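Colleague: Could you take me closely through the sheet in this model, strand by strand, together with what packs against it? I would like one connected account rather than a list.

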Amino acid sequence: MLSCLAEDQQPERIHAYLAQSYWATGIPLELVKRSVAGSLCFGIFFRGEQVAFARVISDRATFAYLADVYVLEEHRGQGLADWLMTTIVAHPELQGLRRFMLATRDAHGLYAKYGFTPTAKPEALMEIVKPDLYLRSKPANQPD
Ligand SMILES: CC(C)(COP(=O)(O)OP(=O)(O)OC[C@H]1O[C@@H](n2cnc3c(N)ncnc32)[C@H](O)[C@@H]1OP(=O)(O)O)[C@@H](O)C(=O)NCCC(=O)NCCS
């Protein structure tokens, strides 16, 4: 089953993946819950458990940013990411956008199938980025 209803998403399971992902290592559960609440979320569920996730941060009119896309390792290679992406780009609240962005380390081939291209003018983009933020904010009483 695929659902984009906020109440169907399983933040504890999403957190279990994201906290050990290469891009959000150490993210606290509380932040995952807030990010899920503030995003248009897409989940795939197998036997009641969330096995894939993606979220879109958007004004739902002009701009969107795709983030936190994953499929659990044991469910990869079966088209689940294709299913997520097909659903996302067809979502009624994500039509007519002037810009739809994402960042990826190595999954360019996946997103290229859905119309994403490398940034034409990277020199025009700016960012504030704190890659180690969640590692640094780990509570003092947590083991390393
Ligand atoms: C990337 C990921 C989401 C793909 O999930 P998946 O369910 O195995 O993908 P699918 O089976 O639906 O394959 C979708 C298509 O994308 C391609 N693809 C899958 N993973 C890819 C990757 N890492 N790089 C490039 N293309 C990829 C597949 O070849 C397939 O295309 P094809 O059918 O035309 O050959 C999954 O490997 C994953 O969770 N990886 C770890 C987390 C991650 O890197 N997420 C992306 C962060 S931007």
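Modeller: Bearing in mind that this is a predicted model, I will begin with a helix that crosses the sheet: α1 lies across β3 and β4, and its direction makes about 85° with that of β3. Another helix, α3, also packs on the sheet, where it touches β1, β2 (40–46), β3 and β4, and its direction is at about 145° to that of β2.

The sheet beneath these contacts is open and is formed by five strands in the order β1-β2-β3-β4-β5, with mixed pairing. Its edges are β1 (2–3) and β5 (99–102), each of which pairs on one side only.

Starting from the β1 edge, β1 and β2 run antiparallel and are joined by two bridges, and here S3 has G43 of β2 as its bridge partner. G43 also stands opposite F53 in β3, which brings us to the next pair, since β2 and β3 are likewise linked in the antiparallel sense, over seven bridges. These two strands form a hairpin with two residues between them, and in that hairpin R47 takes a positive phi near 50°. Moving on across the sheet, β3 pairs with β4 in the antiparallel sense over six bridges, and within this pairing A52 has V71 in β4 as its bridge partner.

Returning to α1, which spans residues 11–18, its buried residues are I14, H15 and L18. Viewed down the axis of α1, these buried residues fall within an arc of 100°, and they therefore line one face of the helix. Among the elements that cover them are β3 (49–58) and β4, and also α2 (29–37), so the two strands that α1 lies across are included in the cover of its buried residues.

The strand β4 and the helix α3 have a further role in the picture, which concerns the ligand. The shell around the ligand takes at least two residues from each of β4 (63–71), α3 (80–90) and α4 (108–112). In total, 15 residues surround the ligand, and the closest are R76, A81, T104, G109 and L110. Sorted by class, this shell has seven nonpolar, five polar and three charged residues. Thus β4 is paired with β3 in the sheet, is touched by α3, and supplies residues to the ligand shell together with that helix.

Technical notes:
Residues numbered from 1 in each chain as written. Predicted model: local features only at pLDDT ≥ 70, side-chain atom pairs only at ≥ 80, totals over all residues. Near = placed C-beta within 6 Å. Helix = DSSP H or I, 4+ residues; strand = E, 2+ residues; numbered from the N terminus. Nonpolar A, V, L, I, M, F, W, Y, C, P; charged D, E, K, R; others polar. Buried ≥ 20, exposed ≤ 12 C-beta atoms within 10 Å, placed from the backbone. Arc of directions from axis to C-beta. Contact = placed C-beta atoms within 7 Å. Pairing = 2+ DSSP bridges. Axes fitted to C-alpha atoms, helices over the stretch in contact; angles between N-to-C directions.
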